[in-house]
Structure formats: C-alpha cells, structure tokens
Amino acid sequence: MKFNPSLEQAICVLVLLATQKPGVPLSSDRASDILGVSRSYFRKITRKLVLQGIIRSAPGNNGGLSLGRAAEDITLLNILEAMEGELALYEDGGLMRNIFQDGTYVERGVELLNNVFAGADALLKQYFASFTLASMMEEAMGDDHSTLNWNTTTLREWLNTTGLRMS
C-alpha cells in the first residue's frame with residue numbers, strides 16, 4: 001500500500017497553517033510557492049481539506065487559508081481520509097465466488113477474507129487516529145510554539161530567528 005504524494009503535501013500545508021500567525025490567513029499563492037507545487041494542484045489539495053472542515057478558505061484581499069479546527073482536533077486519520085478517501089485495504093471484487101461456484105465454502109471464504117481485512121483497517125484507523133497535528137508538531141518542534149506570518153517571512157529569515165542552518 002502506498003499513499004499519493006498529495007498526502008505529504010496536505011500534511012505540509014497543515015504544518016504551515018499551524019505555525020501561521022493567529023488571525024492572519026495564509027495566502028494560497030504564497031503557500032503553493034513555499035511548497036513548490038503548482039497553484040492549480042495546490043487548490044486541489046486544499047479543496048479536499050476544506051471539504052472535510054480541516055482547513056478554512058476565505059476569498060478576498062485579506063483572505064486565505066487557516067486551520068478549520070484546533071491542531072489537537074486534527075488527526076492523521078482525518079488528513080489521510082480527506083486525501084485518499086475512507087481507509088480500506090481490500091475491496092471484494094467477487095472473484096472468490098468464481099472458485100467454488102455454488103459451493104459451501106464460498107460464503108465462508110468471502111466472509112473470512114472480508115473480516116481479516118476489516119480487522120486490519122480498524123487497526124490502521126486506530127493507529128492513525130492516535131496522532132494529532134498538535135502531537136506531531138510537539139514531537140518535532142519541542143517547546144518551540146513560535147508562529148510567524150508566512151505571507152511575508154522567508155524560510156531563511158525564519159531560520160535566522162531560530163539559530164538553525166540550511167543544509
């Protein structure tokens with residue numbers, strides 16, 4: 001199983017928004033420039049997040065993107081399902097029924113296979129739901145809860161304020 005690259009990009013959008021100065025929406029054009037993705041592709045990513053209420057989008061000169069709910073209330077599962085759809089590892093295509101047509105084993109085999117994958121889906125959902133945007137950022141950034149206005153701050157400027165270096 002491999003997720004689309006848009007999942008990583010969605011997570012990066014959320015990191016930008018979680019570190020954005022409160023009350024100041026982030027320009028979509030600026031965010032797509034920071035991530036280095038085309039603006040049309042960026043809009044597709046953010047549209048999915050908006051539809052799930054993970055982010056908000058406000059039009060206009062003072063508009064832009066902001067978190068749709070607290071970082072503590074956004075799970076990795078929310079992000080994953082916004083980008084990929086409901087997490088389901090297996091789809092019953094009916095092929096098992098072709099093996100033992102009219103046999104007594106067909107329904108038991110189909111049920112067993114569906115149950116095995118449903119169990120795996122439940123475990124994955126539980127695992128991904130255990131990570132919030134806030135908890136992941138806390139683990140990655142420690143006690144640094146600084147925010148900035150990504151609309152006007154460059155990465156180099158931000159690194160200078162933190163004492164970190166570009167590699």
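This tour goes through a predicted model, moving from its nonpolar core to a group of rings and then to its salt bridges.

Begin by selecting Leu 14 and Leu 49, which have the most contacts inside the largest nonpolar core, a set of 31 residues. To see what surrounds them, colour helix H1 (5-19), helix H3 (39-51), strand E2 (64-67), helix H4 (76-84) and helix H7 (133-141), since these elements each give two or more residues to this core. If you then keep Leu 14 alone and show its contacts, leaving aside residues up to four places away in sequence, you will find that Leu 14 touches Ile 54, Ile 55, Leu 67, Ile 74, Ile 79 and Leu 133.

Next, select Phe 3, Tyr 127, Phe 128 and Phe 131, which ring pairs link into a cluster. Within this cluster, the ring centres of Phe 3 and Phe 128 lie 6.4 Å apart with their planes at 70 degrees, so this pair is edge-to-face. Phe 3 belongs to the segment before H1 and Phe 128 to helix H6 (residues 105-129), which places the two 125 residues apart. Phe 3 is partly exposed, at 26% relative accessible area, whereas Phe 128 is buried, at 13%.

Now turn to the three salt bridges found in the whole structure. Select Arg 39, which pairs with Asp 29 at 3.6 Å between the closest N and O atoms and with Asp 33 at 2.9 Å. Arg 39 lies in helix H3 and Asp 29 in helix H2 (residues 28-35), so their bridge ties together parts ten residues apart in sequence.

Finish with Glu 86 and Lys 125, whose closest N and O atoms are 3.0 Å apart in a salt bridge. Here Glu 86 is exposed, at 62% relative accessibility, while Lys 125 is partly exposed, at 22%.

Conventions:
Residues numbered from 1 in each chain as written. Predicted model: local features only at pLDDT ≥ 70, side-chain atom pairs only at ≥ 80, totals over all residues. Heavy atoms only, no water. Core = buried A, V, L, I, M, F, W, Y, C linked by side-chain atoms within 4.5 Å. Buried < 20%, exposed > 50% of the residue type's maximum accessible area, 1.4 Å probe, protein only. Helix = DSSP H or I, 4+ residues; strand = E, 2+ residues; numbered from the N terminus. Contact = heavy atoms within 4.5 Å. Phe/Tyr/Trp six-rings, centres within 6.5 Å; stacked < 30°, edge-to-face > 60°. Salt bridge = Lys/Arg side-chain N within 4 Å of Asp/Glu carboxyl O.
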